[in-house]
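Dear colleague,

I am passing on to you the structure we spoke about, with the sequence alongside. Please look through it once before you read my notes, which follow below.

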Amino acid sequence: YQEGATPSDMPRKKERRPKATFIVYARTFGEYAQIETLLWSVLSVDYDCWLRVYFPPPHGWRELRVRLLEQPADDTDTIHGRRLNAAWPCNLLACDPFWYAEPYTFEFVRDDQGDGRPHMTAVGGGAYEIDVPWSNPTDQYGWAEWNSGELTAASETWTFPDGDSGNPIELPALAGANKSFWLQTNPSKPQLWVRDLGQDWARMRAKTFTRPLFPNTPDPRTVKVRLVGGAPTSSMLLTIPRRYDRPIGEQLPIVAEAVSR
């Protein structure tokens, strides 16, 4: 049921099948062979690569995860190397159909470490809170991801908002050396992953994140994150992937408003 799959008649985001022509050109045979080697080391039917498009500042870049749908036809009418150029029409496959821009990140720590990172405020009872800013200027749902710093022997109990709903969801207490966790709020993905491969996700007792950041909401707003316990160096990194339907452009606010009704 992941995006890009079509296992039923329900409306879904289908896979993307772009067509691209890759042109190889060189001044010497050695350069030609090197470019051909690089091209077919990256493009394969067995694994993915990233097709990235750059735009003039300040627009940055967007990228699409693709692989070869099938091997391209070798329709040259001469021996390779006699001419130091070639054109390869390729059919590509993107199982993840979205174009990704540079993700949004925000990192904070429990106590001030003097390194400029925002820090939490003690609210009593061993608890700490912080208002975390986020936004979603894209034309697709945004799903927050939370990456902890290295955990210590001191137990850490984190509470995160369920997307733009603001409803708090508490994680189980986590602790231990050589241990950290990664929380994905996208309900179609495994949500709580712990580096030591422990079964901590089972202790969530079926509590799941289901709410996204709404599309076309570029204005920053804040959500509350809470920590009980931990150490002064306990830290957290918020990442929000920026997903778009197209390599260029976003969505007009009036269209987003109409679709959301």
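**Strand pairing and nonpolar cores**

Strand β3, covering residues 61-68, pairs with β5 in the antiparallel sense, and 2 bridges link these two strands. Within this pairing, Glu63 has Tyr100 of β5 as its bridge partner. Please keep in mind throughout that this is a predicted model.

β5 also runs antiparallel to β14, to which 9 bridges join it, and here Tyr104 finds its bridge partner in Ile240 of β14.

Turning to the sheets, you will find 5 strands that form an open sheet in the order β6-β7-β13-β9-β10, with antiparallel pairing. Its edge strands, β6 (121-124) and β10 (168-170), each pair on one side only, and from one strand to the next the twist averages 30°. Inside this sheet, β7 and β13 are antiparallel and share 9 bridges, with Ile130 standing opposite Val225 of β13. As general background, the strands of a sheet pair through backbone hydrogen bonds, in either a parallel or an antiparallel arrangement.

A further set of pairings involves β11, which is antiparallel to strand β8 (residues 145-148) over 3 bridges and is likewise antiparallel to β12 over 3 bridges. On the β8 side, Asn147 stands opposite Trp182 of β11, while on the β12 side the bridge partner of Leu183 is Leu192.

As for the interior, the largest nonpolar core holds 29 residues, and those that touch the most other members are Phe108, Trp146, Trp158, Phe160 and Phe181. At least two residues of this core come from each of β5 (99-109), β7 (127-136), β9 (156-161), β11 (181-184), β12 (192-194), β13 (217-229) and β14 (235-244), and β7 gives the most, with 4 residues.

Which residues is Phe108 in contact with, once its neighbours within four places in sequence are left aside? The contacts of Phe108 are Pro118, Met120, Ile130, Val132, Trp146, Trp158, Val225, Ser235 and Met236. Two of these names will be familiar from the open sheet, where Ile130 stands opposite Val225, and two others, Trp146 and Trp158, are listed with Phe108 among the core residues that touch the most other members.

Apart from the largest core lies another one, made up of 18 residues, including Leu39, Leu64, Ala86 and Trp99.

With best wishes

Terms used:
Residues numbered from 1 in each chain as written. Predicted model: local features only at pLDDT ≥ 70, side-chain atom pairs only at ≥ 80, totals over all residues. Heavy atoms only, no water. Core = buried A, V, L, I, M, F, W, Y, C linked by side-chain atoms within 4.5 Å. Buried < 20%, exposed > 50% of the residue type's maximum accessible area, 1.4 Å probe, protein only. Contact = heavy atoms within 4.5 Å. Pairing = 2+ DSSP bridges. Axes fitted to C-alpha atoms, helices over the stretch in contact; angles between N-to-C directions.
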